[in-house]
Amino acid sequence: MKLGNKAIFIAGAGRMGRGIALTFAYHGFQVTLIDIKNRNHEEFERLKSIALAEIKSQLKILALSNVFPNEMIDLIVGRIEVCHMDHQPDIWQEADIVFEALPEILSLKKVVYRQICSTLPKETLIASTTSSFSVNTLAEFVTHKDRFINTHWLNPAYLIPLVEVSPSIETSDQSLKEMFQLLEGIGKVPIKCEPSPGFIVPRIQALAMNEASRLVKEGVASIEDIDKASRVGFGLRFAVLGLLEFIDWGGADTLYHASNYLKDSLKSNRFAPSEMIEEKMKSGDIGLKVKKGFYHFEETSLDQYQLETLQKFIDLLQHLGFITSPKDISSVKEDLNKEICNKNS
């Protein structure tokens, strides 16, 4: 699959469409960003100007962060053409890959898919970026269903590496393979997800965000401190360890007992241990300490594995300025003397 020669078409010129357009243009692709909303000429030109200005603004931020030279901004933006679907009805014939980034309105998607498929070559991949609808539901509106797939990007699309890829029951293995190759070729981290409401990340973050709002309501801590805790405690750990990997480190037994304590103390079943955690308790597969949990560690050098993981964590903390060099002994003695003097005075 020759990535650089692929013509990327994006149906929908909103925030997600613009973010995906920026991503592919950044990596050398020619991108056609297609507006689908009913507009007159003046309205479309305004939309086009706003879309390209937003993309240029995001690129300027990257340039200011020393990601690339400022001189490249116009080159990257120049790879993006903004069109209107009604002005060029046959334009889809030129597409190698289409990403649908329309509003989450099923009837709208149905109409646009049928219009796209009327002229789209049968070998062209089609990917929805929906965060709501099952890939199997949307596939009903597409011809040659074997080439259809869901790709759930996370905002901002041009920065977040993860893309959740959800094939339908009719998606071919070849289409799935090509989509993974395409996404990996632009530095993304695709993961396969079965058709399920909320995919993976939205389900996890919905629980966490709702719990954070409950902490505010209960007066447990200030808004600022809850956010600080989620960034400096929760977020940092899970930038290095996945949630299930973290369970293995601490032990499913620890999570089991902590969950039951929270359930009883806060009188809410939302904290009850999951069915799978209860199964781990029964089987004894509770994590690192027994070399088997969600992951299998029987053939792993635990010392090396733990060392490499902690080094990644330390690197992250150092980068963010949370680890400083130790004081020398003279500085420690000086601080101690000051503390004694302050107590005596």
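# Exercises on a predicted model

Phenylalanine 234 belongs to helix α8, which spans residues 223–238. The structure is a predicted model, and the exercises below work through its side-chain contacts, cysteines and backbone.

## Exercise 1. Phenylalanine 234 and its surroundings

Task: Determine whether phenylalanine 234 is buried, partly exposed or exposed, and describe how its ring is placed against that of phenylalanine 238.

Solution.

Step 1. The relative accessibility of phenylalanine 234 is 42%. The limits are under 20% for buried and over 50% for exposed, so phenylalanine 234 counts as partly exposed.

Step 2. Phenylalanine 234 is a member of a nonpolar surface patch, together with Ile200, Ile204, Leu243, Leu244 and Tyr295. The accessible area of this patch is about 520 Å².

Step 3. The aromatic pairs number eleven. In the pair of phenylalanine 234 and phenylalanine 238, the ring centres are 4.8 Å apart and the planes stand at 65°. Planes over 60 degrees apart count as edge-to-face, and this pair is therefore edge-to-face.

Step 4. Both residues of the pair lie in helix α8, with a spacing of four residues, or about one turn of the helix. Phenylalanine 238, at 23% relative accessibility, is also classed as partly exposed.

## Exercise 2. Other contacts of aromatic rings

Task: State which residues are linked into a cluster by ring pairs, and which residue lies over the face of phenylalanine 294.

Solution.

Step 1. The cluster linked by ring pairs consists of Phe24, Phe29, Phe99 and Trp153.

Step 2. The face of phenylalanine 294 is covered by lysine 280, at 4.7 Å from the ring centre.

## Exercise 3. Cysteines

Task: Give the number of disulfides, and explain why cysteine 83 is not bonded to cysteine 117.

Solution.

Step 1. A disulfide is a covalent bond between the sulfur atoms of two cysteines. The number of disulfides here is zero.

Step 2. For cysteine 83, the closest cysteine sulfur is that of cysteine 117, at 19 Å. The cut-off for a disulfide is 2.5 Å, so this separation is too far for a bond.

Step 3. Cysteine 83 is buried, at 3% relative accessibility. Cysteine 193 is likewise buried, at 7%.

## Exercise 4. Salt bridges

Task: Give the number of salt bridges, then examine the pairs of glutamate 54 with arginine 18, glutamate 42 with arginine 46, and glutamate 100 with lysine 109.

Solution.

Step 1. Side chains of opposite charge can pair when their charged atoms come close. The structure contains ten salt bridges.

Step 2. Between glutamate 54 and arginine 18, the closest N and O atoms are 2.7 Å apart. Glutamate 54 is in helix α2 (residues 41–64) and arginine 18 in helix α1 (residues 15–26), so this salt bridge ties together parts 36 residues apart in sequence. Glutamate 54 is partly exposed at 25% relative accessible area, whereas arginine 18 is buried at 9%.

Step 3. Glutamate 42 and arginine 46 form a salt bridge with an N to O distance of 3.4 Å. Both are in helix α2, and because they are four residues apart, about one helical turn separates them. Glutamate 42 is exposed, with a relative accessible area of 56%; arginine 46 is partly exposed, at 45%.

Step 4. Glutamate 100 and lysine 109 meet at 2.5 Å, N to O, and both of these residues are buried. Through salt bridges with shared partners, Glu100, Glu104 and Lys109 form one network.

## Exercise 5. Backbone features

Task: Locate the cis peptide bond that precedes proline 156, and place histidine 144 and lysine 267 in the fold.

Solution.

Step 1. Most residues other than glycine have a negative phi, and most peptide bonds are trans.

Step 2. The bond between asparagine 155 and proline 156 is cis, with omega at about -5°. Proline 156 lies in the loop between β6 (148–153) and β7.

Step 3. Histidine 144 has a positive phi, near 55°. Its loop runs between α5 (135–139) and β6, and histidine 144 is partly exposed at 42% relative accessible area.

Step 4. Lysine 267 also has a positive phi, near 50°. The loop that holds lysine 267 joins α10 (252–265) and α11 (275–283). With 74% relative accessibility, lysine 267 is exposed.

Key
Residues numbered from 1 in each chain as written. Predicted model: local features only at pLDDT ≥ 70, side-chain atom pairs only at ≥ 80, totals over all residues. Heavy atoms only, no water. Patch = residues over 30% accessible without salt bridge, like charges linked within 9 Å, V, L, I, M, F, W, Y side chains within 5 Å. Areas by Shrake-Rupley, 256 points an atom, 1.4 Å probe, with all protein chains shown as cover. Salt bridge = Lys/Arg side-chain N within 4 Å of Asp/Glu carboxyl O. Helix = DSSP H or I, 4+ residues; strand = E, 2+ residues; numbered from the N terminus. Buried < 20%, exposed > 50% of the residue type's maximum accessible area, 1.4 Å probe, protein only. Phe/Tyr/Trp six-rings, centres within 6.5 Å; stacked < 30°, edge-to-face > 60°. Lys NZ or Arg CZ within 6 Å of the ring centre and 35° of its normal.
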